[in-house]
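Thanks for coming. I will take one residue to begin with, then go to the core, and finish at the interface.

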Amino acid sequence: MKKANFGRVKKTTIFVFLAPALLLYTGFKVLPILGSFILSFMQWKGFGKISFVGITNYINMFRDEMVLEAFKNNLIFGFFSIFLGVGLGLLLALLLDRNIKAKNLFRVSIYLPQILSMVVIGFLWTWLYNPYFGLINSFFSAIGADFLIRNWLGDSNLVVYSISVVGIWRNYGFSMVVFYAALQNIPQEIIDSASIDGATEFQKIRKIILPLLKPIAAVIVALTLINVFRIFDIFYIMAGDTGRRVDVLATVIFKNAFSYNKMGYASAISVVVCFLTMLISIVYFKTLGQASTDNS
Amino acid sequence: MKKRKWDILVLVALFIFSASIAFAGGEQEKKDEVTTIRWISPWSLATKAEQFPSIIEDFEKENPNIKVEYEGGITNYMELLKADLAVGNAPDLFGSFHMYFTEFAKDGLLYDMTDLYNKNDWQSQFLPLTIEWNTVNERLYGVSALCFALVWYYDVNLFDELGIDQAKTKAELFEICNKLKNVPSIQTPIASTSSAGAGSISLLGMITAQTTGIGPVIQARDETKDYMIPGLIKAVEIYKELIDNGCIDPMVTGVSHPSQVSMFATGQAAIYPMHTGLFDGMKKTIDEADTKVKLGIFDTAVNFVDDPITPYSAGGGMVWSISKDTKNLDETVKFLEFFTSTEVQRRLTHQFVTLDPIANQEIEDPILKKALLQLEAATSDSVMFIDYIPSKVMEALNAGLLDLTSGKSISPEDIMKAATKAAK
């Protein structure tokens, strides 16, 4: 009897202590997501009457040039973030894993953009990209390379790439830090054995280090991909500030919800983006599990 | 023993809960003797709403059983207002920007003020432009909070130095721009094409007022969703002429709106077509930049066509409206009548270097005096084009104008086709 009572009291206590957090989580996460899902089947301006429209919003989304263009921009941004951002992070980690002077200073300065807010970064780079007095064009002009001067944020063919560069600059520090930490975990004996066997530096990197870094690289790529579909601030600030309409999915959702007064449609797009991100997260967690197994 | 402890805890919690309800109910009874009006706007007490507390104080002295609670400087103001309207918690009196004001009125969320206008003879108290500004489907739903004219800011000192007069026609403007291009410090004769359409659409609006007026635009917005309006296409053609004649430098498309103000303030641009709401900020920027730039505005509009529908473009600014569901209608109307009186409005005009919606304003600043003349000459067709088109259409138009300015191969018809597509 005492044992049964103790079990009931323990469960009650656990529930009582979890209840506030569960309530908050349900109220601020679960219910809004559910609400958004339900709203995706409605037509609503954010005020006034709501009407049920079935899957019309979803059908329209796949025909909407603005959405398709935004998705393309997300992919371009993702391509640069993964191949250049992660690749650069790896390269820097390999360089910093040597005995070089002021190694710590380099690591800190490379990581520094990570601690700045995206809003600050957006405004900072808008100034750097200014075609008249921005640092980039001014530098090209100063070294006599006028042919490199461009309208970085005003040329519709360039702007998404200009903003992608900012994304790389911001995030390569994170990749560098993670790869660097992973490099410290590679047993030195393996590298030494390879040296004794006559392997060149390039062969050591290609045949030993890179394969061992593969699981962690997969994790970084998955995380980067998740962030690629969440990206909003730098596009909103940098593209919005010069009036150039360059959108990513998050800005399309924002504009539809708050500028065009199409809350239902915005909810439908956000449901699809959420689904995409979930898929990537599943891959991420599977890869994380694999990485843990490989490491152990 | 443990069960008893839980029982006591539950009883104490219930007691505290009941007591708080009882006291809250007591307070509510006291409050009912005085009617409280809730008034909100994006203006903070540190800026445009600085005089509001003293105005409220004066009103409450005359009306001791009405209390006005003002809340301003709210972040994400329009989103919060929409949320309040959606859940039936609308404030009694609130400000909204014109494109939202129109939607709110069409959705039946605003109190019809037409009778109020007639009763108080507001038709003659306010500038004619603002009457159109606050009209939706031939009924009046708001009162303008302030007014602005679209003017041609220019650098008086540079013009004097070069011995050039203000432009009155398109041809004169091209001639002036040709001379300005040769000045080494000038990056672009006319600063335009900037953030979220503020610059390029404003300039386009100054042209469309002359080529088409607002009527066809309203019809396109509300009925046809077709922006292939001859007057609009003509306006974009004139915009293209400005670019082809070197009045607007292609690189200016990569410059943000604050940077364009800075370019004008530091003498890198000589002409800046923009609204008078920017006047105060522009003066401060020029003073801080400490350059040779002296701020002036053209005395008259630049005529782009021989027979303009109306020479000027202007707007009525933010709109004060009363919620349709207000439970304090009489009190809110009373306060609005007090607030919109000429005497109170003049207090606001003198505090800020800005233009007010009332007629017969007493403006001291010589530049704003000129702008006021233009505002008074504005007709109902002059209302600012940018505020009468949906956001998506504005973005499509702006993207087209940016492409045009940066030298892409795009025709005025293509731009209006894209705008029409965005409207559907």
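I start with Asn303(B), which sits in the loop between β10 (295-297) and β11 (314-315) of chain B. Bear in mind throughout that this is a predicted model.

How exposed is Asn303(B)? Its relative accessible area is 31%. Because the partly exposed class runs from 20% to 50%, Asn303(B) counts as partly exposed.

Its contacts, leaving out residues up to four places away in sequence, are Lys168(B), Thr169(B), Lys170(B), Gln210(B), Pro308(B) and Pro311(B). There is also a C-alpha distance to note: Asn303(B) and Leu173(B) are 130 residues apart along the chain, and their C-alpha atoms are separated by 9.5 Å.

Leu173(B) comes up again in the next part, as one of the residues that Ile271(B) touches.

So, the core. The largest nonpolar core has 144 residues. Which residues have the most contacts inside it? They are Tyr153(B) and Ile271(B). As for secondary structure, helix α12 of chain B, residues 230-244, gives the most to this core, with 8 residues.

Ile271(B) has a list of its own, again not counting residues up to four places away in sequence. Among the aromatic names on that list are Trp152(B), Tyr153(B), Tyr154(B), Phe159(B), Phe264(B) and Phe298(B). The list also includes Leu173(B), Ile176(B), Leu180(B), Pro189(B), Ile190(B) and Ala191(B).

Another core lies apart from that one, with 43 residues. Among them are Phe41(A), Val166(A), Ala268(A) and Ile269(A).

Now the interface. How many residues does the contact take from each chain? It takes 36 from chain A and 38 from chain B. The area buried between the two chains is about 3000 Å², and carbon and sulfur atoms give 53% of that. On the chain B side, Met251(B), Lys392(B) and Glu395(B) lose the most area to chain A, together 20% of what that side buries.

For polar pairing, the count between chain B and chain A is 15 residue pairs in polar contact, with both residues at pLDDT 80 or more. The salt bridge rule finds 6 across this interface. One salt bridge joins the side chains of Lys421(B) and Glu65(A), at 2.5 Å from N to O.

Which helices of chain B each supply at least two residues to the side that touches chain A? They are α3 (77-86), α4 (98-106), α13 (257-265) and α18 (391-405). The largest share, 8 residues, comes from α18(B). By type, the chain B side divides into 15 nonpolar, 13 polar and 10 charged residues.

Terms used:
Residues numbered from 1 in each chain as written. Chains lettered and ligands numbered in written order. Predicted model: local features only at pLDDT ≥ 70, side-chain atom pairs only at ≥ 80, totals over all residues. Heavy atoms only, no water. Contact = heavy atoms within 4.5 Å. Buried area = accessible area lost by both parts, 1.4 Å probe. Salt bridge = Lys/Arg side-chain N within 4 Å of Asp/Glu carboxyl O. Polar contact = N/O pair within 3.5 Å; in protein donor to acceptor, adjacent residues only side chain to side chain. Helix = DSSP H or I, 4+ residues; strand = E, 2+ residues; numbered from the N terminus. Nonpolar A, V, L, I, M, F, W, Y, C, P; charged D, E, K, R; others polar. Core = buried A, V, L, I, M, F, W, Y, C linked by side-chain atoms within 4.5 Å. Buried < 20%, exposed > 50% of the residue type's maximum accessible area, 1.4 Å probe, protein only.
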